[in-house]
Amino acid sequence: MGEGELPPGPAMPPALQAIGWALRPTAMLRECERRFGEIFTLRGLQADRPYVFVSNPQAIKAIATGDRDALRAGEARGADLFEPVFGPNSILLLDGAQHLRQRKLMLPPFHGERMKRYGDTIEEITDRQMANWPSDKPFELQNEFQEITLDVILEAVFGFDAGPELAEARRHTRQWLWLLASPAAMVPPLRKAFGPQHAWTPAGRVRRRMDKCLYSLIDERRRDPGIAERDDVLSMLIQARDEDGQPMTDGELRDELVTLLLAGHETTATALAWAVELLLSHPDKLDALRADLPNGDEYLNAVIQETMRLRPPVPLFDRTVCEPVEVLGYRIPVGAVLACNIVRVHRRPDLYPEPLEFRPERFLESQPETYGWVPFGGGIRRCLGAAFALYEMRIVLRMVVERTQLAPSGIEPMRYFRRAIVLGPKSGARVTLPA
Ligand code: HEM
């Protein structure tokens, strides 16, 4: 750790802090804020790096838009944690010029207007999935949404058509995701011993199968004479060229496909599940939404914004300090991680009066301060799929609210459950559809 001064934080041993963070992350953030204010340090979250949590919007802005060499996002994501899965070329893990190259290549398909071409695909998939929902029997919408968002990535991003190949890809992906969420993947020593970097481990075997499937998809698509007319993300990435006229390599394509899959589907499904839980526990808001849907997306957007304020699926975004930086009067040393505290900045009473209330109307009255609403992070690393995720959420939530009379059936609505890096609803958004 370099020279500098870390903000105060809990005195308990780092191992206990790590357990607190794993089991009760939101309670821990709330408690630390109460004791230490809008900047504090937690230890034990990742090896021996102190995590400095910040929930001041101006400071978050300075971190997100600060010098990219001094504050690196790729480095913070830990080669040990992500690289064996995402691969060394993943946009999530790169910094500096390499990151910028990859980001420029990947941005066009996710650009606002362009991704609207995926609207029909999203609708068809939602329709297909909703047709299987049981009636008069409780089921968890989180799982259903996950099936939808997974198929959306496989069809819109990878370009699979509905059929046996899609079913096969879905099967491999589910196995892979299941292994990634297993306890062995969460605990660093177990991950080192049994992670996908070793060919003989279950995770390694599934990774090999998955890679085979992805490389043959890439190969097939490269040779497709009709590729110029295709509008899936993979086809666009294959045709993209960087400033030197160079295309993406097969390795880069494979790593970015996995990145988009893992970054894009569970996050979106979780946000949808929270939206349903919040609406079901506020029937007046559900009625208001239903009444406004024929007029357009205004209230729907406000519901989505308010959901992501009160229940952001990802609790923080982070940058590793590579040159000392001043934050709220502290000179943060090299080696520390600055963690922008999404959960707490979204609950600041100065930005959101009565912050615990679910009140979509607040987003009709005024738009939030840019760095006071940060569920997708910010700056040059802001979520690449933010517009895509919001668009997908609008379509799916509209269809669910218009077509069903959902009734809650959860035992403990609105409680958190941690799934790897995502904080989702504990009840899984359990509902019943009247027959
Ligand atoms: C509600 C859904 C989603 C949430 C809450 C979410 C959240 C985030 C957050 C917090 C970051 C880190 C930003 C930062 O460090 O400043 C991020 C990065 C990223 N997300 Fe998302 N995301 C969502 C959906 C998606 C989707 C649908 C995709 C793509 C299909 C996607 C692809 C990515 C990628 C590629 C990055 C890395 C960007 C970079 O490093 O340049 N995400 N996301």
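In what follows, Ala, Val, Leu, Ile, Met, Phe, Trp, Tyr, Cys and Pro count as nonpolar, Asp, Glu, Lys and Arg as charged, and the others, Gly among them, as polar. The model is a predicted one.

**Exercise 1.** Work out how the residues of the shell around the ligand divide into nonpolar, polar and charged, and which element gives the most to the shell.

*Solution.* Begin with the classes: the shell holds 17 nonpolar, seven polar and five charged residues. Next, turn to the elements, where α6 (96–106), α14 (250–280), β5 and α19 each supply at least two residues, and α14 gives the most, with six. Finally, of the 29 residues around the ligand, those that come nearest are R77, H99, R103, R319 and C383.

**Exercise 2.** Find the protein donor to the iron atom of the ligand, and then the partners of the ligand's oxygen atoms.

*Solution.* The iron atom has a single donor from the protein, SG of C383, at 2.3 Å, and C383 is placed in the loop between α18 (362–365) and α19 (386–403). As for oxygen atoms of the ligand, one is 2.7 Å from a side-chain N or O atom of R103, one is 2.8 Å from a side-chain N or O atom of R319, and one lies 3.1 Å from a backbone N or O atom of G378.

**Exercise 3.** Trace the order of the strands in the open sheet, and name its edge strands.

*Solution.* The five strands run in the order β1-β2-β8-β5-β3, with mixed pairing. The edges are β1 (39–46) and β3 (71–72), each of which pairs on one side only. Within the sheet, β5 (residues 316–321) and β8 (residues 337–341) pair in the antiparallel sense over five bridges, and D318 stands opposite A339 in β8.

How values were computed:
Residues numbered from 1 in each chain as written. Predicted model: local features only at pLDDT ≥ 70, side-chain atom pairs only at ≥ 80, totals over all residues. Heavy atoms only, no water. Donors = N, O, S within 2.8 Å, 3.2 Å for Na, K, Ca; no water. Helix = DSSP H or I, 4+ residues; strand = E, 2+ residues; numbered from the N terminus. Pairing = 2+ DSSP bridges. Near = heavy atom within 4 Å. Polar contact = N/O pair within 3.5 Å; in protein donor to acceptor, adjacent residues only side chain to side chain.
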